[in-house]
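Thanks for passing this one along. My notes are below, as numbered points, to be read with the model open beside them.

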Amino acid sequence: MFKKILIITVVATAVALSLYVNFGNHYKELAKQLKVSFMLYNPDKELSSFSLIDHNNNKFDNKNFKGKWTLLSFIYTHCPDVCPTGLVDMSILKSTLIKRSASIVPNLVTITFDPIRDTPKVLKTYVTHFDKSFLGVSGNQSQINQLVQDFGAYYERVVYAKNGKPTILKNDEPLPEGVLESGYLINHTAWIYLLSPDGQIFAGFPSPHNPLEMADDIELLTKNY
């Protein structure tokens, strides 16, 4: 399992960087100063239009990213390890910026890979356990898949038979009968993304995360935006 996740992470990192390395000279020098993040800004590649639902059952779309900085991750609430660790890291990162009296403290948003199980109600209970300011987002699987692609992220559902044999399902493939009840896991990437006030992807933080150095990069990025 670990080897599989490692391969996914390496491939997804290469894909993400290939999608977004087209930033101009303005940011090239800035990119060289970053400790643990990568510039993903690409003026020629805008985020797709989407309309999802937040954990308060309010509409969540591109407008929610406008006029503010946002830290965003993709998770699923049945994740045994990577997702809770990432949410803890985001909470520590936010606290670090507040303690430093940083001029910019991004909003915390997480979108589920798994809206079948992660309803708004489930997400609200889960994400606010890590930080009261977290906003969980669920909604249409196809639109979530489009966002996953836009961010250069990746996921796949894995169903295990009684003998332990895994079966990987395509993202648009319906769940086999009984799987929702018996359960499944999701292999996935675990980047955290920084979106700029124009609502576009600006930088990314691969895992494992170091919240203190991430805070350094975020202060640098927001001051030079």
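1. Which side chain does E219 meet in a salt bridge? The partner is R100, at 2.9 Å from N to O. Keep in mind as you look that this is a predicted model. E219 lies in helix α7 and R100 in the loop between α3 (82-99) and β5 (107-112), so the pair ties together parts that are 119 residues apart in sequence. As for exposure, E219 counts as buried at 18% relative accessibility, while R100 comes out partly exposed at 33%.

2. Helix α7 (residues 211-223) has another such link to look at. D216 forms a salt bridge with K35, and the closest N and O atoms are 2.8 Å apart. K35 sits in the loop between α2 (25-32) and β1 (38-39), so this pair ties together parts that are 181 residues apart in sequence. D216 counts as partly exposed, with 25% relative accessibility.

3. I'd read points 1 and 2 together. Salt bridges with shared partners join K35, R100, D216 and E219 into one network. For the wider picture, a search of the whole structure finds 8 salt bridges.

4. Have a look at D114 and R157 too, whose side chains meet in a salt bridge at 3.3 Å, N to O. D114 is in the loop between β5 and α4 (120-130) and R157 is in strand β7 (residues 155-160), so here too distant parts of the chain are linked, 43 residues apart. Buried or exposed, these two? D114 is buried, with a relative accessible area of 0%, and R157 also counts as buried, at 3% relative accessibility.

5. Now the cysteines. How many disulfides does a search of the whole structure find? The count is 0. Why is C79 not bonded to C83? The closest cysteine sulfur to that of C79 is in C83, and at 3.4 Å it is too far for a bond; the cut-off used is 2.5 Å. Looked at from the other side, C83 is in no disulfide, and its nearest cysteine sulfur is that of C79. C79 counts as buried at 7% relative accessibility, and so does C83, at 3%.

6. On to the aromatics. The whole structure yields 17 aromatic pairs in the search. One aromatic cluster is formed by F38, F74, F113, F151, Y155, W191 and Y193. Separately, the charged end of R117 sits over the ring of Y184, 3.5 Å from the ring centre. That contact is worth bringing up on screen.

7. Last, helix α5 (residues 141-150). What caps its N-terminal end? N140 does, with a side-chain oxygen 2.8 Å from the backbone nitrogen of S142. After the helix comes G152, whose phi is positive, near 70 degrees. The buried residues of α5 are Q141, I144, N145, L147, V148 and D150. When you look at that list, remember that an α-helix has 3.6 residues a turn, so residues three or four places apart point the same way.

Note on methods: Residues are numbered from 1 along each chain as its sequence is written. This is a predicted model: local features need pLDDT of at least 70, side-chain atom pairs count only at pLDDT 80 or more; totals for chains, interfaces and linings use all residues. Side-chain values use heavy atoms; hydrogens and water are left out. Rings of Phe, Tyr and Trp (its six-membered ring) pair if their centres lie within 6.5 Å; planes under 30 degrees apart count as stacked, over 60 as edge-to-face and the rest as tilted. A charge sits over a ring if NZ of Lys or CZ of Arg is within 6 Å of the ring centre and within 35 degrees of the ring normal. Buried means under 20% relative accessible area, exposed over 50%, partly exposed in between (1.4 Å probe, protein chains only). A salt bridge is a side-chain nitrogen of Lys or Arg within 4 Å of a carboxyl oxygen of Asp or Glu. Helices (H or I, at least four residues) and strands (E, at least two) are DSSP runs, numbered from the N terminus. A polar contact is a pair of N or O atoms within 3.5 Å; within protein, one must be able to donate a hydrogen and the other to accept it, and residues adjacent in sequence count only if both atoms are side-chain atoms.
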